[in-house]
Amino acid sequence: MKLELPSRSLPLATTALILLGLGLGAAAPAMALATPTRIQASEPASAITTAKIAPELVATLRQDLSQRTGIAANQLQLVEAKSQTWPNGCLGLAKPDEMCTQAMVDGWRVVFANGNRRWVYRTNGNGRTYRLEPSVSRSGQVPGLVKPISLKPVQIPVAELPSRLPRGVVFRAIATGGFAGQHIQTTLYQDGKLVREQLRPTGTAIATQVRQVPLAQVRQFMALVRRHQMQRLHRADYRPTPGSADFITTTLSCQSCTVRYADSVQAQLPANLQTIIQSWNALTIAA
């Protein structure tokens, strides 16, 4: 038996189909828009916050933390890196009796993790100055950190000692090495003049920068050098670990002493020398 619909029911059926189509069409874009929103929400914060930090700086901090903790560098995960402004040249982490420049310093806050343990570094803008935030447990210990063993230095051969400081100069740093073969000499004069020279192998200057350090800061820095008895380290040479590459050797001189160290072992230097180095870096960068 053939079933026939009345002709007047056709408009109703057509209307229902049109409304159904409109409903499905309106729902489809909404469903399509929902998917990207969920994907964006699941993106890790590090994908955004680490976008502008230099990979070389991250590598330096990771290697430093590896030396401090004994954890392999490839097991230390970078979880956050964001720009930060610190209150002074010591990045807000001054040590006892340490001189800090009072100018605010733009830099980075960098967080590494290994399992449930986290470590936070503070750096200046170019990463030449960096400090690890203390994270003290109830027992008074810093979790996950192993106290670095101070290196035993050898003695700088007399033939390799730099020239004595001329009259009027109170401190000097000569940095050499690295893959680029740099040779940079930074000299602080008694009157506060700070001269930074990029030198050729022959000793002639390629480029020279002259700045002025306030006399009060010069006096404070030299008092710190005397207080931490740098003269007792005269001719000490802290060599890089065997197999090291791309390290920079720095020779520090005051009127009565000369000390040499590789930057790859800076975390293992005596505490008094580390304090002098950090204060020197803060003084020269802020000037």
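**Exercise 1. Which residue forms a salt bridge with glutamate 80, and how far apart are the closest N and O atoms?**

*Solution.* The structure is a predicted model, in which local features need pLDDT of at least 70, side-chain atom pairs count only at pLDDT 80 or more, and totals for chains, interfaces and linings use all residues. Residues are numbered from 1 along each chain as its sequence is written, and side-chain values use heavy atoms, with hydrogens and water left out.

Step 1. Apply the criterion: a salt bridge is a side-chain nitrogen of Lys or Arg within 4 Å of a carboxyl oxygen of Asp or Glu. Glutamate 80 meets it with arginine 109, the closest N and O atoms being 2.9 Å apart.

Step 2. Place the partners. Glutamate 80 belongs to strand E1 (residues 77-86) and arginine 109 to strand E2 (residues 105-114), so that the pair links distant parts of the chain, 29 residues apart. Helices (H or I, at least four residues) and strands (E, at least two) are DSSP runs, numbered from the N terminus.

Step 3. Assign the exposure class. Buried means under 20% relative accessible area, exposed over 50%, and partly exposed in between (1.4 Å probe, protein chains only). Arginine 109 has 23% relative accessibility and therefore counts as partly exposed.

**Exercise 2. Examine the salt bridge of glutamate 133 and the network that includes aspartate 237.**

*Solution.* Step 1. The side chain of glutamate 133 forms a salt bridge with that of arginine 122 at 2.7 Å, N to O. Glutamate 133 lies in the loop between strand E4 (130-132) and E5, whereas arginine 122 lies in strand E3 (residues 117-124), so the pair ties together parts that are eleven residues apart in sequence. Arginine 122 is buried, because its relative accessible area is 16%.

Step 2. Arginine 239 and aspartate 237 also meet through their side chains in a salt bridge, at 3.8 Å from N to O. Arginine 239 is partly exposed at 44% relative accessibility, and aspartate 237 is buried at 3%.

Step 3. Salt bridges link Glu160, Asp237, Arg239 and Arg260 in a network. The structure holds six salt bridges.

**Exercise 3. Describe the sheet that contains strand E6 and identify the helix H4 contacts.**

*Solution.* Step 1. Two strands pair if DSSP finds at least two bridges between them. Eight strands form an open sheet with mixed pairing, in the order E5-E10-E12-E11-E6-E7-E8-E9. Strand E5 (154-155) and strand E9 (205-212) stand at the edges with a single partner strand each, so one side of each has no neighbour in the sheet.

Step 2. Strand E6 (residues 169-177) pairs with strand E11 (residues 248-254) in the antiparallel sense over six bridges. The bridge partner of arginine 172 in E11 is serine 253.

Step 3. Helix H4 (residues 215-227) packs on the sheet, touching E6 and strand E7 (182-189). A contact means heavy atoms within 4.5 Å. The direction of H4 makes about 75° with that of E6; axes are lines fitted to C-alpha atoms, for helices over the stretch in contact, and angles run from 0 to 180 degrees between N-to-C directions.

**Exercise 4. How many disulfides does a search of the whole structure find?**

*Solution.* Step 1. With a disulfide taken as a pair of cysteine sulfur atoms within 2.5 Å, the search finds one.

Step 2. Cysteine 254 and cysteine 257 form the link, with sulfur atoms 2.4 Å apart. The link is right-handed, with 125° about the S-S bond, and both cysteine 254 and cysteine 257 are buried.
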